[in-house]
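The following paragraphs guide the reader through a two-part account: how the chains meet, and how each chain is built. Please keep the sequence and the three-dimensional view at hand while reading.

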Amino acid sequence: MVIGSKTMAFVEEEALLGQDSEEENSELSDDELQEAFAAGLLKPGMNVLVDKPKKLVNNVEGLKQCLADFRKDLPWVERLDLTNLPAANIISQAEEKASAPAAGELDADDDFQREMFFYRQAQATILEAMPLLNRHSIATKRPEDYFAEMAKSDQHMQKIRKKLISKQMIMERSEKAKKLREQRKFGKKVQIEVIQKRQQEKKAMMSAVKKYQKGMTDKLEFLEGDQKMNKESSQGSKKAVNKKGPSAKRKYKDQKFGFGGKKSGKKWNTKESYNDVSGFRAKIAHGKGGKKGKGGKQNKRPGKSVRKKMKNRS
Amino acid sequence: MDQQPSADREKLPGRSISGKWTNKERVLIFSSRGINFRTRHLMQDLRTMMPHAKADTKMDRKDKLFVINEVCEIKNCNKCLYFEAKKKQDLYMWISNSPHGPSAKFLVQNIHTLAELKLTGNCLKGSRPLLSFDPKFDKEPHYALLKELFIQTFSTPRYHPKSQPFVDHVFTFTIADNRIWFRNYQIIEEDGSLVEIGPRFVLNLMKIFQGSFGGPTLYENPDFRSPNMHRREMRLAAAAKVREKQMVKEMQKGKKTSAKEDLESDVTADVFLTPAEEKPADIQTEAPEPKVVKKKQKAFKRQRMQMARR
């Protein structure tokens with residue numbers, strides 16, 4: 001692609017206009033640019049001046065030299081310094097959490113993790129330093145009667161203590177309130193249950209009484225029913241309470257549709273079962289079979305005339 | 001001046017006075033003008049924690065930094081911690097070895113002082129600290145230099161007259177997120193239970209110089225962004241967001257109000273048009289007669305029923 005010198009100049013002017021007017025660079029003159037292009041240093045097209053990336057000083061040699069000059073070889077007792085990794089994190093080990101900071105970077109934004117890291121680092125230092133200090137007979141515990149000025153005044157420590165106590169009080173109070181609220185809810189539940197139970201018992205009693213009145217049952221067991229129930233429950237009977245087993249309806253359904261299967265809708269008639277007339281007995285359907293040989297007189301109520309006779313008789 | 005107290009100290013049990021103070025380290029801790037209360041408290045806390053520290057009056061910022069070397073010489077100190085406050089917002093800390101040695105400049109952040117009620121520990125005033133360093137300090141040469149500087153500055157010399165012989169607190173220096181985190185813990189039990197005393201701060205390294213408060217730069221921190229730039233970036237980001245929202249709004253407005261294009265008129269549309277026949281205009285001169293509305297005389301239902309019955 002041949003570019004005439006004029007086009008080149010136009011392009012360079014544009015680039016010039018885009019820059020600070022203060023910049024004085026000898027390379028910006030047209031002639032020199034043309035020469036550079038001819039020499040093959042510049043490529044055709046829009047050329048933009050780019051700043052060289054700022055080079056930051058890292059004078060490793062200088063640093064090492066400086067350190068060597070500056071270093072003071074003091075015995076450890078004077079310096080009391082230790083370099084160590086943090087102690088093992090008991091909590092994370094117990095929970096078997098992935099201890100990411102153990103190998104990699106410490107996340108400075110996760111406050112708790114960061115502070116725990118610092119804490120464990122200090123702990124590790126102490127654990128390592130204690131035997132060393134003992135060897136050099138430097139005490140770490142001061143005797144009980146050694147009174148000296150502390151970094152924080154006693155007044156300040158009193159304030160701190162008060163604050164801690166007040167915090168604790170607040171927490172306790174809030175916990176108490178929570179518990180009360182829970183209890184109230186629970187109490188209400190229990191109350192409702194008790195009321196419902198009573199209502200059911202009353203209903204049962206009334207229906208039993210009515211049955212007796214109407215003559216359907218001539219047993220007065222319902223009066224003692226409660227006592228019996230109590231006795232049974234007190235004995236801790238784990239026998240089946242309903243001795244009659246499943247009701248007739250249930251038995252029929254089990255027989256017809258079998259056991260198990262999907263939760264709902266399995267013991268209903270479907271098209272197929274409805275159309276299935278294999279269970280049809282004509283004799284029984286047309287009433288020709290008799291009532292199982294006169295076994296149906298158990299709870300049958302006598303007719304009006306018979307009742308009158310009974311009444312007159314008694 | 002120190003006769004009486006030292007005599008008392010000899011009588012106290014557990015205080016072994018059999019030692020001469022040889023490690024003559026003295027640290028000068030002072031600040032420039034224009035610091036706020038937090039910085040002032042931090043300085044005071046550091047002076048409390050370090051019995052080998054000396055105080056000085058505030059320095060005018062107009063003076064050049066190498067004046068500090070002379071101040072140190074006058075006070076007979078060989079280390080210096082100088083706090084510089086700029087714009088009443090940013091705090092810079094210089095730590096240097098006074099006559100010839102290296103110095104470093106940091107940006108200090110996240111300052112919490114001794115007076116905070118959440119820092120519940122306490123220690124003897126003037127007790128010697130244990131220093132705990134992150135292993136990362138040994139990995140890079142600039143960190144190694146800083147470690148040496150910290151050790152010499154922060155460790156209390158043994159048998160210093162104002163020091164207590166017990167070791168009951170520990171300073172930790174940790175490197176995280178390219179910053180140096182400083183914490184101070186009280187040792188409660190020898191098995192390692194700690195409580196934080198304070199103060200605590202974060203140092204962000206800017207530069208290390210070969211000389212004290214001057215000299216050739218040995219190291220520059222590539223990750224350091226000056227607080228001004230940081231604030232500027234935040235402002236620009238916020239401004240960019242607002243501008244973007246405005247642009248979107250304008251675009252939407254433009255879309256709504258732009259005139260809808262008229263479909264080009266079809267030339268062949270009136271090919272099949274046949275003009276309608278003209279009807280003669282019918283002009284009525286007389287008003288039309290009012291319509292006669294025949295009203296149905298329907299009787300009421302009851303009347304109708306009566307009638308039906310009759």
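How many residues of chain B are in contact with chain A, and how many residues of chain A take part? In this predicted model, the contact involves 77 residues on the side of chain B and 61 residues on the side of chain A. The area buried between the two chains is about 6100 Å², and carbon and sulfur atoms give 62% of that area. Within chain B, the residues that lose the most area to chain A are Leu117(B), Phe166(B) and Glu190(B); together they account for 11% of what that side buries.

Polar interactions also cross between the chains. There are 29 residue pairs in polar contact between chain B and chain A, counting pairs with both residues at pLDDT 80 or more. Several elements of chain B give two or more residues to the side that touches chain A, among them helix 2 (37–49), helix 4 (141–154), strand 6 (127–133), strand 8 (179–187) and strand 10 (200–211). The largest share of that side, ten residues, comes from strand 7 of chain B, which spans residues 164–176.

The charged pairs deserve separate attention. A search of the whole structure finds 16 salt bridges over all chains, and four salt bridges are counted between chain B and chain A. In one salt bridge, Lys72(A) pairs with Glu25(B), with the closest N and O atoms 2.3 Å apart. In another, Glu115(A) pairs with Arg183(B), and here the closest N and O atoms are 2.8 Å apart. Glu115(A) belongs to helix 7 (residues 111–135) of chain A and Arg183(B) to strand 8 of chain B, so this pair joins two chains.

Are the two partners, Glu115(A) and Arg183(B), buried or exposed? Glu115(A) is buried, because its relative accessible area is 16% and the term applies under 20%. Arg183(B) is buried as well, with a relative accessible area of 2%.

Two further salt bridges lie within chain B. The side chains of Glu233(B) and Arg225(B) meet at 3.1 Å, N to O. Glu233(B) is partly exposed, with a relative accessible area of 36%, and Arg225(B) counts as partly exposed at 42%. Beyond this pair, salt bridges that share partners join Asp111(A), Arg114(A), Glu115(A), Arg183(B), Glu196(B) and Arg200(B) into one network. The other pair within chain B consists of Asp56(B) and Lys75(B), whose closest N and O atoms are 4.0 Å apart. Asp56(B) lies in the loop between strand 2 (53–55) and helix 3 of chain B, while Lys75(B) lies in helix 3 of chain B, so the salt bridge ties together parts that are 19 residues apart in sequence. Asp56(B) counts as partly exposed at 24% relative accessibility, and Lys75(B) is partly exposed with a relative accessible area of 29%.

Helix 3 of chain B, residues 67–75, also holds Asn69(B). Asn69(B) is buried, its relative accessible area being 17%. Leaving aside residues up to four places away in sequence, Asn69(B) touches Ser98(B), Ser212(B) and Phe213(B).

The description now turns to each chain as a whole. Chain B contains six helices and eleven strands. Of its 310 residues, 44% count as buried. Among contacts in chain B with a separation of 6 or more, residues 24 or more positions apart account for 63%. Chain B exposes about 19400 Å², of which carbon and sulfur atoms supply 52%.

Chain A has 13 helices and one strand. Along the sequence, the pattern reads α-α-α-α-β-α-α-α-α-α-α-α-α-α. Buried residues make up 18% of the 314 residues in chain A. Of the contacts in chain A between residues at least 6 apart in sequence, 44% join residues at least 24 apart. The accessible surface of chain A comes to about 27500 Å², with 54% belonging to carbon and sulfur atoms.

One surface feature of chain A completes the account. Where does Val50(A) lie? Val50(A) is found in the loop between helix 2 (30–39) and helix 3 (60–70) of chain A. Val50(A) counts as exposed because its relative accessibility is 69%, and exposed means over 50%. Together with Met46(A) and Val48(A), Val50(A) forms a nonpolar patch on the surface, and the three residues have about 340 Å² of accessible area together.

Conventions:
Residues numbered from 1 in each chain as written. Chains lettered and ligands numbered in written order. Predicted model: local features only at pLDDT ≥ 70, side-chain atom pairs only at ≥ 80, totals over all residues. Heavy atoms only, no water. Patch = residues over 30% accessible without salt bridge, like charges linked within 9 Å, V, L, I, M, F, W, Y side chains within 5 Å. Areas by Shrake-Rupley, 256 points an atom, 1.4 Å probe, with all protein chains shown as cover. Helix = DSSP H or I, 4+ residues; strand = E, 2+ residues; numbered from the N terminus. Buried < 20%, exposed > 50% of the residue type's maximum accessible area, 1.4 Å probe, protein only. Contact = heavy atoms within 4.5 Å. Buried area = accessible area lost by both parts, 1.4 Å probe. Polar contact = N/O pair within 3.5 Å; in protein donor to acceptor, adjacent residues only side chain to side chain.
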